[in-house]
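User: Pick one pair of packed helices and give me a close look at how the two meet. After that, walk me out from there to the annotated sites and any odd backbone spots.

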Amino acid sequence: MTVLNPLIYQPLNEKTAIKQALDLKLFPEDADLTCKEIGDGNLNLVFHIVDQKHNQGIIIKQALPYAKVVGESWPLTLHRAKIEADALKTFGQIAPDYVPKVYYTDDQLAITVMEDLSHLSIARKGFIQGETFPLISLHLGEYLAKTLFYTSDYGLGSGAKKEQVQKFMNPELCKITEDLIFTDPYFDAETNEFEEDMRPAVEELWKDEELKFHVNVLKKIFLTDAEVLLHGDLHTGSMFADNQQTKIIDPEFAFYGPAGFDIGQVFANLLFQVIVNEKHRDVFIQHVETVWNVFQVQFSQLWEKENKEPLANTTSFLHYHLAKYFEDALGYTGCELIRRTIGLAHVADLDSIQDEQTRLAAKQKTLELGKNLIKKRKEIRDLSEFIRTVKEIV
Ligand SMILES: Nc1ncnc2c1ncn2[C@@H]1O[C@H](COP(=O)(O)OP(=O)(O)O)[C@@H](O)[C@H]1O
Ligand SMILES: CSC[C@H]1O[C@H](OP(=O)(O)O)[C@H](O)[C@@H]1O
């Protein structure tokens, strides 16, 4: 665990970030550097440094010793910067096409210097502006298949996997997920945020004992099933895209957990668009289908060709895993839909809808779909039944 050393750790500002870049000799000597802090996430500082002369940029991301969205009253480990840098390196080796290059890291300063992706758009923002990024689901399916297979016992071997489990222990960030996704939305917690008009639906949800039982089961799986190295926060605000490329950023919540968690977060964040984006509804339904289809095909190929556990390499055991991942993913999809509607840290897909009635109707649908997926995840046995459930509610 990185200990905060006030003699070494200092939050950067736009001037000291330029000095840092110069000290690291990441630009030519005649560079004309400008710097802007562009962090729009909940937790960290992000400095965009550009050499105006040669039109080259880098990103310096720095963790603060607290959660930026709340302030100094919510202290948060700087160790998350090391977790993020290590996860970017691990995922970068496994799926280099989909991960920004890491140029430099400093655990004491809690910084990661990485490839500037500002020629791409944050997927969530692009979707809201009407983009569909036609290849994003194919890329996400491949990214998920590779990262979830190659970090598992079957892709890595059980000894090496255990070392990784240790390396990616991330208790403070996991606790945020445990609270914000699996606990707080299900009672009258201070962190929750919802419009007063949503109160009847929210209070109904708080009283739903069957739902809370299922959320407890999903939380238990999250707490105990150290299957694969997860990104841990794989929403569309953690994806850069254009019509050709997709890059996944921000894995500071990485840890060993259930494979279905990353898949479910991807499904949920695409489903926000299925719910709000009438014009491109079918495209986003297809995106959900493609993510699963590509994941399933590529994961199965890796399982058969690269399996380090000879006895595990059977079709029936592969199907057992795919069925578990799918069932868990549906449950986590439901949890993500609900927490982004009534918990802390909403999504712009919903909150940016100007018309109040349209916005409230969309939020009712995300809650309804979320509850259904959580409760019925064992009955929904395949992709077509999943899509049928989505269409019935949307
Ligand atoms: N590699 C990058 N290239 C360009 N912009 C980036 C890069 N990484 C982050 N950003 C910008 O900074 C914002 C916040 O980054 P993010 O990693 O999501 O921070 P946080 O951990 O605080 O959520 C992103 O939405 C994006 O606009
Ligand atoms: C207090 S953290 C809330 C929320 O923020 C994280 O998202 P991001 O880092 O992408 O801004 C994560 O989803 C947490 O649950």
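Analyst: Let's start with helix H10 (residues 259–276) and helix H11 (residues 281–306), which pack at an angle of about 165 degrees with their axes 8 Å apart. That angle makes H10 roughly antiparallel to H11 (under 35 degrees is roughly parallel, over 145 roughly antiparallel, 65 to 115 roughly perpendicular, the rest oblique). Axes are lines fitted to C-alpha atoms, for helices over the stretch in contact, with angles from 0 to 180 degrees between N-to-C directions. Helices (H or I, at least four residues) and strands (E, at least two) are DSSP runs numbered from the N terminus.

Keep in mind that this is a predicted model: local features need pLDDT of at least 70, side-chain atom pairs count only at pLDDT 80 or more, and totals for chains, interfaces and linings use all residues. Residues are numbered from 1 along each chain as its sequence is written, while chains are lettered from A and ligands numbered from 1 in the order in which they are written.

So who touches whom? H10 brings Ile-263, Val-266, Phe-267, Leu-270, Leu-271, Gln-273 and Val-274 to the interface, and H11 answers with Arg-281, Phe-284, Ile-285, His-287, Val-288, Val-291 and Phe-295. Contact here means C-beta atoms, placed from the backbone, within 7 Å. By class, the contact of H10 with H11 has 11 nonpolar, two polar and one charged residues (Ala, Val, Leu, Ile, Met, Phe, Trp, Tyr, Cys and Pro are nonpolar, Asp, Glu, Lys and Arg charged, the others, Gly among them, polar).

H10 has another partner too. Helix H14 (residues 356–376) packs on H10 at an angle of about 135 degrees, with axes 10 Å apart; H10 and H14 are therefore oblique to each other. Leu-271, Phe-272, Ile-275 and Val-276 make the contact from the H10 side, with Ala-362, Lys-365, Thr-366 and Leu-369 on H14. Six of the residues in the contact of H10 with H14 are nonpolar, one is polar and one is charged. Leu-271 shows up in both places: it is on the H10 list facing H11 and on the H10 list facing H14.

Now for the annotations. UniProt (unreviewed entry) gives "domain: Aminoglycoside phosphotransferase" for residues 35–268; positions use the numbering here, feature names are shortened, and annotations may be inferred rather than shown by experiment. Over residues 35–268 the chain is 41% helix and 21% strand, with the end C-alpha atoms 35 Å apart.

The same unreviewed UniProt entry is where the "binding site" labels come from, and one such annotation covers Asn-44, Lys-61, Glu-115, Asp-116, Leu-117, Asp-250, Pro-251 and Glu-252. Take Leu-117 to begin with: it sits in the loop between strand E7 (111–115) and strand E8 (121–122). With 18 other C-beta atoms within 10 Å, Leu-117 is partly exposed (buried is 20 or more other C-beta atoms within 10 Å, exposed 12 or fewer, partly exposed in between, with C-beta atoms placed from the backbone). Beyond four places in sequence, Leu-117 contacts Pro-100, Phe-240 and Lys-247.

Pro-251 belongs to the loop between strand E11 (246–248) and strand E12 (255–257). Its 27 C-beta neighbours inside 10 Å make Pro-251 buried. Residues up to four places away aside, Pro-251 touches Glu-84, Ala-87, Leu-88, Phe-91, His-231 and Gly-232.

Asp-250 is in the loop between E11 and E12 as well, and here's an odd backbone spot: its phi is near 65 degrees, a positive value in a residue other than glycine. Asp-250 is buried, with 23 other C-beta atoms within 10 Å. Asn-55 also has a positive phi, near 55 degrees, without being glycine. Asn-55 lies in the loop between strand E2 (44–51) and strand E3 (56–63), and it is exposed, with 7 other C-beta atoms within 10 Å.

UniProt also lists Asp-233 and Arg-339 under "binding site" (unreviewed entry). They are spread over 107 residues of sequence but cluster in space, the largest C-alpha distance being 12.9 Å. Asp-233 is placed in the loop between strand E9 (228–230) and strand E10 (239–241), and 23 C-beta neighbours inside 10 Å make it buried. Not counting neighbours within four places, Asp-233 contacts Ser-238, Asp-250 and Phe-253, which ties it back to that positive-phi Asp-250. Arg-339 lies in helix H12 (residues 315–342) and is buried too, with 26 C-beta neighbours inside 10 Å. Its contacts beyond four places in sequence are Leu-180, Ile-181 and Pro-185.

Technical notes. Contact = placed C-beta atoms within 7 Å.
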